[in-house]
Amino acid sequence: RVALVYLSGVLAGSMGTSIANPRIYLARASGGVYALITAHIATIIMNWHEMEYAFIQLFVFLVFCGTDIGFSIYRHISDPFDRVGYMAHLCGGIAGLLVGIGVLRNLNVRPYEKKIWWLAVTIYSALMVTGICFHIFYPDYFLQIQGPTNPSQSGFTP
């Protein structure tokens with residue numbers, strides 16, 4: 001289950017980065033790490049009534065995530081040449097939340113939690129299918145962002 005959450009975060013992170021900014025190269029699996037972090041938040045939410053000190057756990061994780069997001073925004077604004085794939089972090093976190101709701105253990109399933117489960121699985125699937133379709137049906141997007149790779153296509157004639 002944990003490996004599925006991690007891999008879904010890696011896939012969503014790389015997909016989101018390739019769409020948002022194809023010039024950023026991803027070297028690590030930070031999308032998977034952010035997926036694991038937000039999957040724990042999903043576990044707290046889905047098992048709220050069964051956990052002791054659920055509010056404190058949720059508060060600690062939200063402070064942790066908020067601090068990390070704030071630092072990322074500060075770093076991105078303060079360094080215009082920053083080449084960190086923040087979109088991988090964001091997409092991995094979203095994937096971890098959605099897939100965590102879908103695959104991690106729910107101790108006592110309530111009727112409304114089944115609806116949340118279906119909603120999370122549907123949203124994650126729709127986002128991934130949209131990303132795949134974007135890559136398949138709009139491949140020229142990447143050439144427009146990166147520019148021509150062949151010097152003869154640039155319109156410059158020596």
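Student: Which polar atom lies 3.2 Å from the backbone nitrogen of Leu-97?

Tutor: It's a polar atom of the side chain of Thr-38. Keep in mind that this is a predicted model. A polar contact needs N or O atoms within 3.5 Å, and the Thr-38 to Leu-97 pair sits at 3.2 Å, so the distance fits that cut-off.

Student: What else does Thr-38 touch, leaving out residues up to four places away in sequence?

Tutor: Besides Leu-97, Thr-38 touches Gly-92, Gly-93 and Gly-96.

Student: Why does Thr-38 count as buried?

Tutor: Buried means under 20% relative accessible area. Thr-38 has 15%, so it counts as buried.

Student: Where is Thr-38 found, and which residues there are buried along with it?

Tutor: Thr-38 is in helix α2, residues 30-46. The buried residues of α2 also include Tyr-34, Ile-37, Ile-41 and Met-46. As for what covers them, that includes α1 (2-20), α3, α4 (86-103) and α5 (111-137).

Student: How do you know that the span of α2 is close to the expected one?

Tutor: Take its 17 residues: at 1.5 Å a residue, 24 Å is expected, and α2 reaches 24 Å from its first C-alpha to its last.

Student: Over to Val-60: what makes it partly exposed?

Tutor: Partly exposed lies between the 20% and 50% cut-offs. Val-60 has 47% relative accessibility, so it counts as partly exposed. Val-60 is found in helix α3, residues 54-78.

Student: Which residues make the nonpolar surface patch with Val-60?

Tutor: Tyr-53, Phe-55, Ile-56, Phe-59 and Val-63 join Val-60 in that patch of about 670 Å². Patch residues need over 30% relative accessible area, and Val-60 has 47%, so Val-60 clears that cut-off.

Terms used:
Residues are numbered from 1 along each chain as its sequence is written. This is a predicted model: local features need pLDDT of at least 70, side-chain atom pairs count only at pLDDT 80 or more; totals for chains, interfaces and linings use all residues. Side-chain values use heavy atoms; hydrogens and water are left out. Patches are made of residues with over 30% relative accessible area and no salt bridge: like charges are joined within 9 Å, nonpolar side chains (Val, Leu, Ile, Met, Phe, Trp, Tyr) within 5 Å. Accessible areas come from the Shrake-Rupley method with a 1.4 Å probe; for residues, only the protein chains shown count as cover. A salt bridge is a side-chain nitrogen of Lys or Arg within 4 Å of a carboxyl oxygen of Asp or Glu. Helices (H or I, at least four residues) and strands (E, at least two) are DSSP runs, numbered from the N terminus. Buried means under 20% relative accessible area, exposed over 50%, partly exposed in between (1.4 Å probe, protein chains only). A polar contact is a pair of N or O atoms within 3.5 Å; within protein, one must be able to donate a hydrogen and the other to accept it, and residues adjacent in sequence count only if both atoms are side-chain atoms. Contact means heavy atoms within 4.5 Å. The expected span of a helix is 1.5 Å times one less than its number of residues.
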